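Got your viewer open? Keep the selection box handy, and we'll go from stop to stop.

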Amino acid sequence: MTEKVRTRFAPSPTGFMHIGNLRTGLYAYLYAKKNGGTFILRIEDTDRERKVDGAVEMVYRTLSTAGIVYDEGPDKDGGYGPYIQTERMGLYKQYAEELVRRGGAYYCFCDKERLESLKDENGVHTYDKHCRNLSKEEVERRLAAGEPYVIRQKVPEGVVSEYEDMVFGKISVDSADIEDGVLLKSDGLPTYNFANVVDDHLMGITHVIRGTEYLSSTPKYNLIYDAFGWERPKYMHLPPIMKDATRKLSKRFGDANFEDFISKGYLPEAIVNYIALLGWCPKDNREKMTMQEMIEAFDTDGISKSSSIFDEQKMRWLNGEYLKAMTPEAFYKVAEPFIDKAIGDAPWDKRELAALMQTRVDVLSDIGEKLAFLNEFGEYDLNMYVHQKMKVDFSVAKQAVKVAIWALETFDDWTDEGIKECIRQAAESAGMKAGQVMFSMRVALTGAPVTPGGAIEMAKVLGKQESLRRLKYSLSLLEAAN
RNA sequence: GCCCUCAUGGUCAAGCGGUUAAGACGUCGCCCUCUCACGGCGGAAUCUAGGGUUCGAUUCCCUAUGGGGGUACCA
């Protein structure tokens, strides 16, 4: 009965896509899918000044790795194309002219200077409707004379334009507060205000989902739909994502862009999951959700009206949850490039390292520093051997390292259990606590106060030979200290 | 200036006239423990202000304050 939902995402290809833009696309996608509708990608590339090479490809890549798949777009014709705005340039003029005929717009011949003179003391200028009531004859005469012109919206007077926003509720604006804005520029091209309305109508968009920057200009757009006799779409405006309390995420500052997070080692699913939660809360308050689960749970009710601040810390946490939930094989696969980067050509067992890393990193790029002990072993501060609770001091440490060396040289079961057992036995026969030996051994093996694992695990990754080498070196340091 | 809009802990947020005001991140403490991490347990921390309406306001209305957006031949 109800018409099929069609939503669109209309990014302008001006560089990387930041989290805020992506979230708008995500919501449009979720809403369409939730309602069994169609999600459309339209590229709004009319701003030649800001256009960036390769940015269109970036949009494709971002959406694809984010798992947001469009049903119609530049490379997926659904019969409503073209889907790239610059390719639609020819069709706006006729619509503008039709609007003039329908009484919803008019020709304006005012030049820049005149417009400039209309500015008030705040530098804000409102058009004085100078050409609004030009006679038909005069318009035709000046058109025929080739005078430059624009086509302006003829905003009805004395009306209140209102609509029901899906998240903000009733929005109403007095027509006195709406300017007779330019629809078609003197170069014959449309302004965004006009192109957007024509495109959405021609593409059969039923639900316009976009940022709040359009919340208060939507009544103006609705007046255009009305003048054409077109059906108005439903609107869902989304509050912005902020960098802090007063600043929006900004593209030029390189804030929070998707691509960066991916290369830092965030999982696309985690990023998407996190941003879905920025401004939306499912009924059951779940946090970790797959795309499918989000589609099912998505509802307009849960969308918040206030802006939210992007919190990378929480995204890190969520990413960590995803990482921990992976199978060891899956984790190894995503971690491998980062491990490679950390260890270079060194012969360490990457699977063992991955196993150590899985519960210890929230973001893959943390792997580098966690693995630093492998390549950076040299002189270190001996004070790290002193441990109150373990009752370890220099002499105990020295003794412990000797025991460890003896144990590793004597026993030969090179498995976690085997190493542990031999240390335990060696400690016992030396009259020491196993913990004291292991603590000291761990330090002696790594020269680091904090390591991604205990003595056993460290010995295991380093291998018997390297372990002994390091233990002996550490012993020499300890002996030299006294 | 004018117009639209928002306001719960540090952050994300639940709440939709009566609640000890959920939960999560972060933070702090404890437990586990050879450091770290994981895991477990616990703590601290929030309704912007002032007026109404009401028996009763975080919740409804108004105003103020603060934030965001718009006010372009940008999008």
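Here is a walk through the domains, one helix and its neighbours, the RNA surface and a few backbone oddities. Bear in mind throughout that this is a predicted model.

**Stop 1: the domains.** Colour chain A by its domain assignment: domain 1 takes 1–73 + 239–325, domain 2 takes 89–199, domain 3 takes 326–375 and domain 4 takes 382–481. Now show just domain 3 and domain 4. Their C-alpha centres are 23 Å apart, and 9 residues of domain 3 make contact with 8 residues of domain 4. On the domain 3 side, select helix H13 (residues 350–358), which gives 4 residues, the largest share of the side that touches domain 4. Colour that side by class and you get 5 nonpolar and 4 charged residues, with no polar ones.

**Stop 2: helix H7.** Select residues 218–228. Is this helix largely enclosed or not? It is largely enclosed by the rest of the structure, because 8 of its 11 residues are buried. Show side chains for the buried ones: Thr 218, Pro 219, Lys 220, Tyr 221, Asn 222, Leu 223, Ile 224 and Ala 227. Next, bring up what covers them. The cover includes helix H3 (92–101), helix H6 (192–202) and strands S4 (150–153), S5 (160–165), S6 (169–174) and S9 (234–238). Step just past the end of H7 and you land on Gly 229, with a positive phi near 80 degrees.

**Stop 3: the strands either side.** Keep H7 on screen and add strand S8 (residues 207–211) together with S9. The three elements S8, H7 and S9 form a right-handed β-α-β unit. The two strands pair in the parallel sense, over 5 bridges. For one of the pairings, pick Arg 210, which sits opposite His 237 in S9. S9 has 4 of its 5 residues buried, so this strand too is largely enclosed by the rest of the structure.

**Stop 4: the RNA.** Turn on RNA strand B and the 64 residues around it; Lys 185, Tyr 192, Thr 246, Ser 306 and Gly 454 come nearest. Which helix supplies the largest share of this surface? That's H18, with 4 residues. To see the elements that each give at least two residues, select helix H4 (112–116), S6, strand S11 (308–309), helix H11 (312–325), helix H18 (434–446) and helix H19 (455–462). You've met S6 already, as part of the cover over H7. Coloured by class, the surface near the RNA shows 24 nonpolar, 24 polar and 16 charged residues.

**Stop 5: backbone oddities.** Some background before zooming in: most residues other than glycine have a negative phi, and most peptide bonds are trans. Go to Gly 81 and Pro 82, which are joined by a cis peptide bond with omega about -5 degrees. Pro 82 lies in the loop between helix H2 (55–66) and H3.

Then jump to Lys 129, in the loop between H4 and helix H5 (136–144). Its phi is positive, near 60 degrees. Lys 129 counts as partly exposed, with 15 other C-beta atoms within 10 Å.

Last pick: Lys 391, in the loop between helix H15 (372–375) and helix H16 (394–410). Phi is positive for Lys 391 as well, near 55 degrees. Is Lys 391 buried or exposed? With 12 other C-beta atoms within 10 Å, Lys 391 is exposed.

Key. Residues numbered from 1 in each chain as written. Chains lettered and ligands numbered in written order. Predicted model: local features only at pLDDT ≥ 70, side-chain atom pairs only at ≥ 80, totals over all residues. Buried ≥ 20, exposed ≤ 12 C-beta atoms within 10 Å, placed from the backbone. Contact = placed C-beta atoms within 7 Å. Near = placed C-beta within 6 Å. Nonpolar A, V, L, I, M, F, W, Y, C, P; charged D, E, K, R; others polar. Domains from an automatic or database assignment. Pairing = 2+ DSSP bridges. Right-handed = clockwise from strand over helix to strand, strands pointing away.
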